Amino acid sequence: MPATPYYLIDKSKLLRNMEKIAYVRAHSGAKALLALKCFATWSVFDFMSDYMDGTTSSSLYEVKLGRKKFGKETHAYSVAYSDDEISEVIENADKIIFNSIGQLTRFADQASGIVRGLRLNPQVSTSSFDLADPARPFSRLGEWDVAKVEAVMDQISGFMIHNNCENEDFDLFDRMLTDIEEKFGTLLSRVEWVSLGGGIHFTGEDYPLDKFCARLKAFSEKFGVQVYLEPGEASITNSTTLEVTVLDTLFNGKNLAIVDSSIEAHMLDLLIYRENAKVLPNTGDHPYMICGKSCLAGDVFGEFDFENEIKVGDRISIQDAAG
């Protein structure tokens, strides 16, 4: 058995997500790009590439990773490109999406030979975290003024709109897409492709895939565009665990178990969003706080119930650890 900590990817569970993505592609006409900012474990790219159309990125090295290890379509996006990276980004991408009109015009000459797009901000989102809300006040993520975008339509052939975040509610997705149609309809009808970004949890249990496919197809046909989706978490949800080993136990008002990992190193989202990890089945008469081994006082995976007392050397599987 390999030494911990390590991520364990269950390809049979990953396959369930891939099959749902393939279903959406087949029944909606949308293309699906893996969002590398969420998942970049290239050891399974050969497997995933059979079910997806390529990758989308948010940095130079993600673009290069997508091109080299995943293949197929490679989309490049960044909040801001620098002078010393733009040429290499263009060299490795099929499409480049600029975050602002300023960046689009600044790099117009260098990007003249590649398909170009622009990020739009509809000023509404599903995020419950201000930290992750692209529609937060004074957001820097994308253009919202239709008149200003009108002036550069001759420089682009598509848009990227990313305003979903862990959205499991199809009706909410539908309402927000309708809002986008009403707000940007005059622009959408003049381009060839539109990426609706990620954050749509359509691979989750009981998600109405047929309604989702029909809505995507209707949007595509209404504006005459190729729709792209950028599933990150939806691609790998519930497929991967973080395997850890207990190094020590102690009691300080609560039972504590220290493991050979840390949230800062291996599950940073828990720290950023102040969330708990998942441990299953989380039942039993022995409650423990599972703690990381870093010096950060708040390095805590969460509090869980176990069937038996935890001992040094025990293995614990932290669920849903890929994204």
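Asp206 is placed in the loop between strand 8 and helix 8. In this predicted model, its phi is near 65°, a positive value in a residue other than glycine. Asp206 has a relative accessibility of 77% and therefore counts as exposed, the cut-off being over 50%.

A second aspartate with positive phi is Asp320, where the angle is about 50° although the residue is not a glycine. Asp320 belongs to the segment after strand 14, which spans 315-318. Its relative accessible area is 16%, so Asp320 is buried by the limit of under 20%.

The loop that holds Asp206 also contains an aromatic residue. Phe202 lies in the loop between strand 8 (193-195) and helix 8 (209-223), and the aromatic pairs are a convenient next step. A pair of aromatic rings is described by the distance of the centres and the angle of the planes. The count for this model comes to 13 aromatic pairs. One of them joins Tyr81 and Phe98, with 5.7 Å from centre to centre and 80° between the planes, an edge-to-face arrangement. Tyr81 sits in the loop between strand 4 (73-78) and helix 4 (86-92), while Phe98 is in strand 5 (residues 95-98), so this contact ties together parts that are 17 residues apart in sequence. Tyr81 and Phe98 are both buried.

What is the geometry of the pair formed by Phe202 and Phe212? The ring centres of Phe202 and Phe212 are 5.2 Å apart and the planes meet at 25°, so the pair is stacked, the limit for that class being under 30 degrees. Phe202 is in the loop and Phe212 in helix 8, so the pair ties together parts that are ten residues apart in sequence. Phe202 is buried, and Phe212 is buried as well. Phe202 and Phe212 also belong to a cluster linked by ring pairs, together with Phe170, Phe173 and Tyr207.

Rings also take part in contacts with lysine. The charged end of Lys95 sits over the ring of Trp193, at 5.6 Å from its centre. Lys11 likewise lies over the face of Phe47, with 4.9 Å to the ring centre.

Phe173, a member of the aromatic cluster, leads on to the internal space of the model, since Phe173 is among the residues that line the largest cavity. Rolling a probe the size of a water molecule over the atoms shows where empty space is left. Searching the whole structure yields one cavity of 30 Å³ or more. The largest cavity holds about 40 Å³ of space. Which residues line the largest cavity? They are Ile161, Asn163, Asn164, Phe173, Met176, Leu177, Ile180 and Leu196. Helix 7 (residues 170-188) supplies the largest share of this lining, four residues. Sorted by class, the lining has six nonpolar and two polar residues, with no charged ones.

Helix 7 also provides a reference point for distances along the chain. Gly185 lies in helix 7 and, at a relative accessible area of 16%, is buried. From Gly185 to Thr240 there are 55 residues in sequence and 40 Å in space, C-alpha to C-alpha. Asp169 is found in the loop between strand 7 (158-161) and helix 7. With a relative accessible area of 36%, Asp169 is partly exposed. Asp169 and Thr126 are 43 residues apart in sequence, and their C-alpha atoms are 9.5 Å apart in space.

On the scale of the whole chain, the domain assignment gives domain 1 (11-235) and domain 2 (240-319). The C-alpha centres of domain 1 and domain 2 are 35 Å apart.

Two cis peptide bonds remain to be described, one between Thr4 and Pro5 and another from Leu280 to Pro281. For the bond joining Thr4 and Pro5, omega is about 0°. Pro5 is found in the segment before strand 1 (6-9). For the bond from Leu280 to Pro281, omega is near 10°. Pro281 is located in the loop between helix 11 (268-273) and strand 12 (286-291).

Technical notes:
Residues numbered from 1 in each chain as written. Predicted model: local features only at pLDDT ≥ 70, side-chain atom pairs only at ≥ 80, totals over all residues. Heavy atoms only, no water. Domains from an automatic or database assignment. Phe/Tyr/Trp six-rings, centres within 6.5 Å; stacked < 30°, edge-to-face > 60°. Helix = DSSP H or I, 4+ residues; strand = E, 2+ residues; numbered from the N terminus. Buried < 20%, exposed > 50% of the residue type's maximum accessible area, 1.4 Å probe, protein only. Lys NZ or Arg CZ within 6 Å of the ring centre and 35° of its normal. 1 Å grid on protein atoms, 1.4 Å probe; cavity = no way out; pocket = protein on both sides within 12 Å on 5 of 7 lines; lining within 4 Å. Points joined across faces, edges and corners; volume = space filled by probe spheres on them. Nonpolar A, V, L, I, M, F, W, Y, C, P; charged D, E, K, R; others polar.
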